[in-house]
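Let's take a walk through this protein, starting with a sheet and ending with its cores. Keep the structure open beside you as you read.

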Amino acid sequence: MKAITAVLLACLFWTGSVLAAPVTKVEVQIRDENGKTSPVLLHKMEDSMRVVAAQLFNGRDSGKILGAAPDYERLLAEIADRVITGYQTDKVTLRADPDPEGKTVLLSFFVAPWAQTVQDADVDIQFSGVSSFAAAALREKVPDLQTQLQETIKGASLDAADWAGGVLRGQVKNCVEGSLPDFKAAVDLTTKNGNASVQVIIYPVGELVRNVQYSMISRSLPNILLMKLKYKYADKAKSLQGLPVSYLKENRDILARRLLEELAEEPQVRRHHLIPRVTIHPGPETQVDIFLESNEYKIWFEGYADIGRDDHNLSGRAHLGKFISRRDEIFGEAGIDLKDVRWDFSGGYAFHYGKSTLSYMYRVPSDSHVIRAEYDFTPKWRLRYEHFGDTGDNEYAIRYRIHEFLSGEYVYSTEKSYFRIVGNL
């Protein structure tokens, strides 16, 4: 203690003296003599001791410091034993290197854990407030976090758990802020019987998705055949609830791709050679639309109930088409008028280009040529024009799909205008 007192008094004296070679920088290196403490924790120890050493040495005469090196080494060892909880300091070495503007003091600390060290680390990462489907996508954003935390804590002194927990919280915070800026995390570290248990709970913040509207639509296959698949993916679409809206806007393509990958493996999709497409419209009220189309065939069945039309106001039509190329389709149609149970049959050709379809068909028994043009503004809105050669009538219509099985259509024709309710099977 007398030697320590003498060093401190000398330090006070040197502050007022003229400095020939002042210390301008302090470098600290800490080594675990057992070689098991992670570099992350050793760097944290180095930062703590660097602050202490800088206050002790910066601006002081390097020659006098080197002259009292043994006393400083003992002093720093005592300080380190108090600052670095869970570790004892076995040895400290001090030396100085020349610097263009002064001197650099180099300190090396050789430490060892007090007693037990962490032999194994169990890291449990949970995502709170989101579904398992969303959690799987979120986990992909932080793939190395679990391994990183395990490597940090394994080999550390069990008695260093308090300050090591702070290091883990810093790692988690930096990782979450960088990869999941719309989330925050809480970290809890406990130790028992030589093992460490780290629980990380990541939770969303900000404006969240409150509700999800969902639809599954196919123009290649009757939607009634997809009911089982529709209900299954309704739950997956609803799983977006609870996610931050900003995260969904940024990652909608990733989530849509996950849905596509699952859809592509569905037996029903593979059996009917359907090509899935998913669109996600983020917002507090998010819209998820799944489209299942085929480039091999086109089959649909529709029933019509016309309001504002006194005659022939109940009817239906079936379409069976086969694509002979990506844009060319040959098809047959059958229609029925329920007033007098009168049938008609048509054979024709359709050319598909983007959102447009142009069709020609020959219809019997009316012995007429029919031309039909359709344009889909959106998956819900469609414009239709039809010309009937036997009567010379023209028909214009705009249709809105309410859901998979019901549409409303306003029809303007040569004969009369009316509103049509369309049932889509």
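In this predicted model, three strands make an open sheet in the order β4-β6-β5, and their pairing is mixed. The edge positions belong to β4 (120-127) and β5 (183-192); each has a single partner strand, so one side of each is left without a neighbour in the sheet. From one strand to the next, the twist averages 15°.

Within this sheet, β5 pairs with β6 (residues 195-204) in the antiparallel sense, over 10 bridges. If you would like a spot to look at, find D188, which stands opposite Q199 in β6.

Two helices accompany the sheet. Helix α6 (residues 145-153) lies across β4, β5 and β6, and runs at about 150° to β4. Helix α7 (residues 161-179) packs on the sheet as well, where it touches β5 and β6; the direction of α7 makes about 155° with that of β5.

Further along the chain there are more antiparallel strands. Strand β12 (residues 328-337) is joined to strand β13 (residues 342-353) by 10 bridges, and the two run antiparallel. Here E329 stands opposite A350 in β13. The pair forms a hairpin with four residues between the strands. Next, β13 is joined to β14 by nine bridges, again in an antiparallel arrangement, and F345 has V364 in β14 as its bridge partner. The hairpin of β13 and β14 has two residues between its strands.

Now for some backbone geometry. Most residues other than glycine have a negative phi, and most peptide bonds are trans. With that in mind, here are some positive phi values to look up.

| Residue | Where | Phi |
|---|---|---|
| H273 | loop between α10 (267-271) and β8 (275-281) | positive, about 55° |
| H312 | loop between β10 (297-307) and β11 (314-323) | positive, about 55° |
| V341 | turn of the β12 and β13 hairpin | positive, about 50° |
| G354 | hairpin of β13 and β14 | positive, near 60° |

How does solvent reach the two histidines? H273 counts as partly exposed because its relative accessibility is 45%. H312 is partly exposed too, with a relative accessible area of 23%; the cut-off for buried is under 20%, so H312 does not count as buried.

There is also a cis peptide bond to find: it joins V364 and P365, with omega about 10°. P365 sits in the loop between β14 (356-364) and β15 (368-376). V364 is also the residue in β14 that partners F345.

Finally, turn to the interior. Which residues touch the most other members of the largest nonpolar core? They are F57, L107 and F109, in a core of 88 residues. Helix α7 gives the most to this core, with eight residues, and this is the helix that packs on the sheet of β5 and β6.

L107 is a good place to explore. Leaving out residues up to four places away in sequence, L107 touches V26, E27, V28, Q29, A53, F57, L76, T93 and L94. F57, itself one of the top three for contacts with other core members, is therefore among the residues that L107 touches.

Another core, of five residues, lies apart from the largest one, and includes F331, A350, M361 and F388. You have met A350 already: this residue stands across from E329.

Notes: Residues are numbered from 1 along each chain as its sequence is written. This is a predicted model: local features need pLDDT of at least 70, side-chain atom pairs count only at pLDDT 80 or more; totals for chains, interfaces and linings use all residues. Side-chain values use heavy atoms; hydrogens and water are left out. Two strands pair if DSSP finds at least two bridges between them. Axes are lines fitted to C-alpha atoms, for helices over the stretch in contact, and angles run from 0 to 180 degrees between N-to-C directions. Contact means heavy atoms within 4.5 Å. Buried means under 20% relative accessible area, exposed over 50%, partly exposed in between (1.4 Å probe, protein chains only). A nonpolar core is a set of buried Ala, Val, Leu, Ile, Met, Phe, Trp, Tyr and Cys residues joined through side-chain atoms within 4.5 Å.
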